[in-house]
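Here are a few exercises to work through with the model open beside you. Try each task before reading its solution.

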Amino acid sequence: YSWFNTGLQMGNNYYLFGTTDSYSPPYVTGFNRRDGWVVKTDLNGNEIISAAYGNPVLFDGEFTNCIKAPYNKIATTFKKSSQYVAVGSGIYIYKAGLLELNDDLSIYKEIYFTGNEIVGDSIHFSEVTNVILNEDSSFIFLGTKEVVSFDYLGRKKGLVVKMNKNYKINYSREYDYPMSSGTALSFGINCISNTDDKGYIFGGYVGDDSINSGTPQSWLVKTDSLGCDGFHSCNDTLLVCNILQAPDTACKNDTAWLQVKFKGRSAPYFIYANTTLALDSVYYPYALPLWIDTLMPYYPTTTGMQNVIVSVHDPWGWHNSDTVQIFVKNCGTGSIAETWYPKKVEIFPNPATNELHIKIRTTITTPITITIYNMQGKQIKQVITNQNETTININDLGQGVYGIRVTGSNLNCNERFVKIE
């Protein structure tokens, strides 16, 4: 008794994912089982190989989604019964995860989720209903989480988890539907997609047992790039804004630069100098948690001592600000835009895992050469660029300490960074 839920084509083969059930006669106990099932065929549908995955327990596994994973692997999500919890009438609690397969359908990696870590045989999702692979090879998992208590038996929450290609959890977000009674008769979120502003949108249904006898209603959630919905999912982080450095004196009708540092629960951010938009749609440059440290322009049009209010706004209407005093004078010609800022090259993060960012805080007039070398002085990578910010992939570097040299356009900077897994 078997069925398929999903499938994909990879190369000259189809891969079909689903479930196979085995049942015993009533007089035989302990044999019934449900396993995840994969069938590999050629492009004409002829079976080449198949495999079932699981242990001989009831409702052991079911493959519901599949994607092409990094390194030419095939990934599928699954759920398994984990334990029987006698709460009220008793329910099964499910554990869910990701299974990556090699081309011969052998297991490459099997993952279970719990909290913000990946450990064996632990519960995080009740069910993974969808998974997508981002351009940076990170996974986004959509599903549900069972909330077991004597008051809210069977209550569920929506859940989105972002995991990078090294199988580390970037964040985990829970989504509640505001039900009046706290108990859902029916609940499901089924589909998720990327949005143009680097966020996500997902949908499904929810039934409130106190409204229309629990008749399901459509449910749609839009998040920002950090998975925040502006209501319940990111209440753990305050929006903070600090002015780190600013010029004492600026010139009228010329651009002055302020160094600001901020963080919050959502992205993108919008940064204002007084009432003028100075920076539009600023995102975190790499994995959380972190601060954004950047330069923002201020363009004074009047002279005298002025209060400059730097305010940071997130997509949900939250904002925070900091204030600095700058004296503005008539300077004639010339610019003081960059003379006060001593650090012309910024290298982050440090330590780094997947990417290294090099930001040049000055005008580039000639090509910049960025060289990474090991502690024996051997050149490992070299990039030549005319951009003020460059991202270098360091996934192929082993753990350890490396040197980095930035030269060109009147720059000669030598720094060290640490590569970690």
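**Exercise 1. Work out whether Ala273 is buried or exposed, then place it in the fold.**

Solution. Keep in mind that this is a predicted model. Start with the relative accessible area of Ala273, which is 6%. The cut-off for buried is under 20%, so Ala273 counts as buried. Next, find its element: Ala273 sits in strand E19, which covers residues 269-273. Then look for partners beyond four places in sequence: Ala273 touches Ala278, Met296, Pro297, Tyr298 and Ile309. Finally, check the spacing to Pro300: the two are 27 residues apart in sequence, with 9.8 Å between their C-alpha atoms.

**Exercise 2. Find the largest nonpolar core and say which elements build it.**

Solution. The largest core holds 28 residues, and those with the most contacts inside it are Leu258, Phe262, Tyr269, Ile271, Met296, Val310 and Ile326. Now go through the elements that give two or more residues: strands E16 (240-245), E18 (256-263), E19, E20 (276-282), E21 (292-298), E22 and E23 (319-329). E18 gives the most, with 4 residues. Don't stop there, though: a second, separate core has 19 residues, including Val345, Ala352, Ile372 and Val406.

**Exercise 3. Classify Met375 by its accessibility and find the surface patch it belongs to.**

Solution. First locate Met375: it's in the loop between strand E26 (368-373) and strand E27 (379-385). Its relative accessibility is 36%. Since buried means under 20% and exposed means over 50%, Met375 falls in between and is partly exposed. Then add its companions: Met375, Val401, Val418 and Ile420 make a nonpolar surface patch with about 260 Å² of accessible area together.

**Exercise 4. Describe the whole chain: what secondary structure does it have, and how much of it is buried?**

Solution. Count the elements and you get 0 helices and 30 strands. Buried residues account for 47% of the 421 residues. For contacts between residues at least 6 apart in sequence, 53% link residues at least 24 apart. On the outside, the chain exposes about 20,800 Å², with carbon and sulfur atoms supplying 48% of it.

**Exercise 5. Decide where to read the model with caution, using pLDDT.**

Solution. Begin with the overall picture: the mean pLDDT is 77, and 76% of residues reach 70 or more. By element, confidence is highest in strand E22 (residues 304-313), at 93, and lowest in strand E6 (residues 73-85), at a mean of 64. Then pick out the weak stretches. Residues 82-92 stay under 50, although the model has 26 contacts for them beyond four places in sequence. Residues 149-153 also stay under 50, with 11 such contacts. Where pLDDT is low, predicted coordinates shouldn't be read in detail.

Terms used. Residues numbered from 1 in each chain as written. Predicted model: local features only at pLDDT ≥ 70, side-chain atom pairs only at ≥ 80, totals over all residues. Heavy atoms only, no water. Buried < 20%, exposed > 50% of the residue type's maximum accessible area, 1.4 Å probe, protein only. Contact = heavy atoms within 4.5 Å. Areas by Shrake-Rupley, 256 points an atom, 1.4 Å probe, with all protein chains shown as cover. Patch = residues over 30% accessible without salt bridge, like charges linked within 9 Å, V, L, I, M, F, W, Y side chains within 5 Å. Salt bridge = Lys/Arg side-chain N within 4 Å of Asp/Glu carboxyl O. pLDDT = per-residue confidence, 0-100. Core = buried A, V, L, I, M, F, W, Y, C linked by side-chain atoms within 4.5 Å.
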